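Here is a short note to read alongside the model. Please keep the structure open and follow the points in turn.

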Amino acid sequence: MRASGDDLGCAARSCCLKEGAAHLTDAALGDKSPLSLKDIAAKRAVTGGPIVAEVALNAGGQAPGFSTQFCDVEVDPETGAVKILRYVAAQDVGRAIHPSYVEGQIQGGVVQGIGWALNETYVYSDKGLLENTGFLDYRVPVASDLPMIEALIVEVPNPNHPFGVKGVGEVNIVPVMAAVANALRGATGVRQHALPMSPPVVLAALDAHADEVVGV
Amino acid sequence: MAHPAYKIPLGKNQGRGVASGFWFNGGGESAVTVHVSEDGSIGIASGSMDVGGSRASMALMAAETLGVPYDSVRSTVSDTASIGYNHVTGGSRVTFATGMAVVQACEK
């Protein structure tokens, strides 16, 4: 503001920055055309030097995130393998500054949750050594395992942030295990109680409840 | 549940499950420097690593706060020796905390 004041020949408090240009707020000073940020910057070598601002803060007032999801699964009763057919995730993101990046965050979190729900676990030998040390055996979901994950952005702005932003990257991992487990219960009639719900675990549960199971 | 996919009929061995969850998110320290070059372009230097597209989001927030075109804003990531302390990129905090710092710098 000081810079624009110098250029327009008046005190800094008589200017305001609006739409990228400095406007005079005090009508008594006369009617001068607004000065764009670009014009102010071009003259700075003469009027007083570089325009710089630095802020270091400890941000507080972050808001929690909320996510509701549903999915459809299909179970192969002979192998216990679970296939995700459809996935829809709705999330309160506060304000999506860059919507396609926010959708990417939602999809990424859901994929992490699916991995946790269906596959990912450490397998230890009876000597306490980790047996699945590589990504071939510690199986994370890959694109060919999954359907298109539909991400629905809900915006309830955070009043503590100038743009209403809430954190988006982590909350979408939370409901996935429950949604997949609920879907599995619907498909098999059997409630799983431990993660991951990998094929051997599902198959064992199906066999144990063979007389009660529906739909198989 | 008004979503059309919720109504798709299910076949044999198929099931549908619904769940909701919440997560507290992180705040923490962030520092940024914003400067206006002589050609009117804006540079933003922040210390938060970009794992989810935060450089684009910083540029969008600065462009809107200053009223300049998005194309004239360049967003870079600096190291801790060059700029103030930034807490880790994680806890869903970067767009929130570093973005807040960007907007305050623009308002200065």
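1. Start with the order of elements in chain A. From the N terminus on, they run α-β-β-β-α-α-β-β-β-α-β-α-α. That gives 6 helices and 7 strands. Keep in mind that this is a predicted model.

2. Now take chain B. Its pattern along the sequence is β-β-β-α-β-α. Chain B holds 2 helices and 4 strands.

3. Next, burial. Chain A has 216 residues, and 41% of them are buried. Chain B has 108 residues, and there the buried part is 52%. A residue counts as buried when its relative accessible area is under 20%.

4. Look at the contacts too. Take those in chain A with a separation of 6 or more: 58% of them link residues 24 or more positions apart. For chain B, the corresponding value is 68%.

5. The outer surface comes next. Chain A exposes about 11200 Å², with 54% supplied by carbon and sulfur atoms. Chain B exposes about 5000 Å², and carbon and sulfur atoms supply 57% of that area.

6. Which strands form the open sheet, and in what order? The order is β7(A)-β6(A)-β5(A)-β1(B). These 4 strands have mixed pairing. The edges are β7 (149-154) of chain A and β1 (14-23) of chain B. Each edge strand has a single partner, so one side of each is left without a neighbour in the sheet. On average, neighbouring strands are turned by 15 degrees against each other, direction ignored.

7. Go through the sheet pair by pair, beginning where the chains meet. β5(A) and β1(B) run antiparallel and are joined by 10 bridges. Find Gly65(A): the residue opposite is Trp23(B), in β1(B).

8. Move on to β5(A) and β6(A). This pair is antiparallel, with 10 bridges. Ser67(A) has Gln91(A) in β6(A) as its bridge partner. The two strands form a hairpin, with 6 residues between them. In the turn, Gly80(A) has a positive phi of about 80 degrees.

9. The remaining pair is β6(A) with β7(A). How do these strands run, parallel or antiparallel? They run parallel, and 6 bridges join them. Ala89(A) is a residue to find here, with Ala151(A) in β7(A) as its bridge partner.

10. A helix lies across part of this sheet. Helix α4 (residues 99-118) of chain A lies across β5, β6 (82-92) and β7 of chain A. The helix runs at about 125 degrees to β7(A).

11. Finish with a surface patch. Which residues make the nonpolar patch of about 340 Å²? They are Phe66(A), Phe22(B) and Phe24(B). Both chains therefore contribute to the patch, and a patch residue needs over 30% relative accessible area. Phe66(A) sits in strand β5 (residues 65-75) of chain A. Is Phe66(A) buried or partly exposed? Its relative accessibility is 43%, so Phe66(A) counts as partly exposed. The reason is the cut-offs: partly exposed lies between under 20% for buried and over 50% for exposed.

12. To review, trace the path once more. Begin at β7(A), cross β6(A) and β5(A), and end at β1(B). Then return to Phe66(A) in β5 of chain A, and look for its patch partners Phe22(B) and Phe24(B).

How values were computed: Residues are numbered from 1 along each chain as its sequence is written. Chains are lettered from A and ligands numbered from 1 in the order in which they are written. This is a predicted model: local features need pLDDT of at least 70, side-chain atom pairs count only at pLDDT 80 or more; totals for chains, interfaces and linings use all residues. Side-chain values use heavy atoms; hydrogens and water are left out. Patches are made of residues with over 30% relative accessible area and no salt bridge: like charges are joined within 9 Å, nonpolar side chains (Val, Leu, Ile, Met, Phe, Trp, Tyr) within 5 Å. Accessible areas come from the Shrake-Rupley method with a 1.4 Å probe; for residues, only the protein chains shown count as cover. A salt bridge is a side-chain nitrogen of Lys or Arg within 4 Å of a carboxyl oxygen of Asp or Glu. Buried means under 20% relative accessible area, exposed over 50%, partly exposed in between (1.4 Å probe, protein chains only). Two strands pair if DSSP finds at least two bridges between them. Axes are lines fitted to C-alpha atoms, for helices over the stretch in contact, and angles run from 0 to 180 degrees between N-to-C directions. Contact means heavy atoms within 4.5 Å.
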